[in-house]
Amino acid sequence: MKITDLVVTPIAFADPPLLNSSGVHEPLALRTIVQLVVDGDVFGLGEGSGERDVLDRLAKVRPAIIGRSVFETSMIESIVFSILGPDVTPVQKRSVFSIVEVACLDAQGKLLGVPVTDLLGGAVRSWVPYSAYLFYKWAGHPGGAADEWGPALEPAGLVAQAQRMVQLHGFGSLKLKGGVFAPEQEIAAVRALADAFPGMPLRIDPNGAWSVETSIAVAERLGGVLEYLEDPALTTAAMAEVAAQASMPLATNMCVISPETVPEAVRLDAVQIVLSDHHYWGGLRHTRELGAICDTFGLGMSMHSNSHLGISLAAMTQVAAATPNLAYACDTHYPWNRADDVITTPFEFVGGALRVSAAPGLGVELDQDKLAERHQRYVESGRTTRDDTAYMRQIDPGYDPTLPRF
Ligand code: GKR
Ligand code: MG
């Protein structure tokens, strides 16, 4: 059961002009796909960040991973941590290890003939609900044609976007990426969504773009409207000040990002819901452990996402199915990027949820032609990093992403 190769392929795929507090998504999003070969013929798949740093780090650890048993993920984690050394942060190390861990678990499942959920303690649900991820957006990329989603720059555009998301995928909850326009406008957008979708759980996430005062004022105005308020303010201390005044739970994927960041958040009662993300929590087993940490401290659990494709979505679904207290509908960017997926059968949401695959491993297969095409696009783009601010400044040279913005 030896790992005989680790094939790392950076890819680029189409992304719409989605706005956030840093700027705007570029026309291509970057991702890394890993194929881990076991005994020459079993392939385990992993997906993670396409940033140049991650590729460099994978190249650095690759020779030490080849030759290890695919079952010794704890040893592989130690190797990754020691090779990457003190200049790389624990979160950065976990972001490298998670890609390899998911590929190992996929291969283990294939070797044993069981789904990855069985390697995580078994599935406790057979469907995993996801939330629609709404964005303010331009009609299309500057200089290009309008995309199929059209513009969403005011409440009516966002309601139309939400209606399309719900019609296409059946989502039963809505999350709005905020921090883009003045809070007054974003409050109006949330209220318009609440009117258009009575009773549907709503969330807004400005990624720390609001001061404590603004956050408290918005929380007051949206009392009784939001399921949770995600990362209104930037630091754990600021979140604690907001939490002390807000009537709804606060959620985060920005101030609780690793085991080291949990104690302060608990001590200050800064957040009530942690958004897990296996990509930087160090893989699926550590995400399952985060479930136990959340249980211990009475915290709720949801799931964060960043632009991603189907291998990540398969891993997200498997771990969500195996984590009993991950009870909130998970975030996903998938509807924005699904058309460019590299798996043979892209996922279809049914009623806003994904059926948990019982096939061996992650239950997805790589389409080598699509992989090669997306890799070619990566090479031709010359891109190696994501920079939403630089792209925004091509259109608005004075754009200032300094937080808090409002
Ligand atoms: O895709 O623009 C985006 C999001 O803002 C993403 O980068 C965030 O990491 O979705 C994420 C979040 O919940 O903070
Ligand atoms: Mg967030």
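**Exercise 1.** Which residues are the protein donors of the magnesium ion (ligand 2)?

*Solution.* The structure is a predicted model, in which local features need pLDDT of at least 70 and side-chain atom pairs count only at pLDDT 80 or more. Residues are numbered from 1 along each chain as its sequence is written, and side-chain values use heavy atoms, with hydrogens and water left out.

Step 1. Donors are N, O and S atoms within 2.8 Å of the metal (3.2 Å for Na, K and Ca); water is not among the atoms, so sites may look incomplete.

Step 2. Asp205 (OD), Glu230 (OE) and Asn253 (OD1) lie 2.0 to 2.1 Å from the magnesium ion.

Step 3. The spacing of these donor residues in sequence is D-x24-E-x22-N. Asp205 belongs to strand β9 (residues 202–205) and Glu230 to strand β10 (residues 228–230), so the pair ties together parts that are 25 residues apart in sequence. Strands here are DSSP runs of E, at least two residues, numbered from the N terminus.

**Exercise 2.** State whether Asp205 and Glu230 are buried or exposed.

*Solution.* Buried means under 20% relative accessible area and exposed over 50% (1.4 Å probe, protein chains only). Both Asp205 and Glu230 are buried.

**Exercise 3.** Describe the polar surroundings of ligand 1.

*Solution.* Step 1. Use pairs of N or O atoms within 3.5 Å as polar contacts.

Step 2. The side chain of Asn20 has an N or O atom 2.7 Å from an oxygen atom of ligand 1. For Glu230 the corresponding distance is 3.1 Å, and for a polar side-chain atom of Asn253 it is 3.2 Å.

Step 3. Ligand 1 taken alone exposes 350 Å², and the protein buries 92% of that; accessible areas come from the Shrake-Rupley method with a 1.4 Å probe.

Conventions. Chains lettered and ligands numbered in written order. Helix = DSSP H or I, 4+ residues; strand = E, 2+ residues; numbered from the N terminus. Polar contact = N/O pair within 3.5 Å; in protein donor to acceptor, adjacent residues only side chain to side chain.
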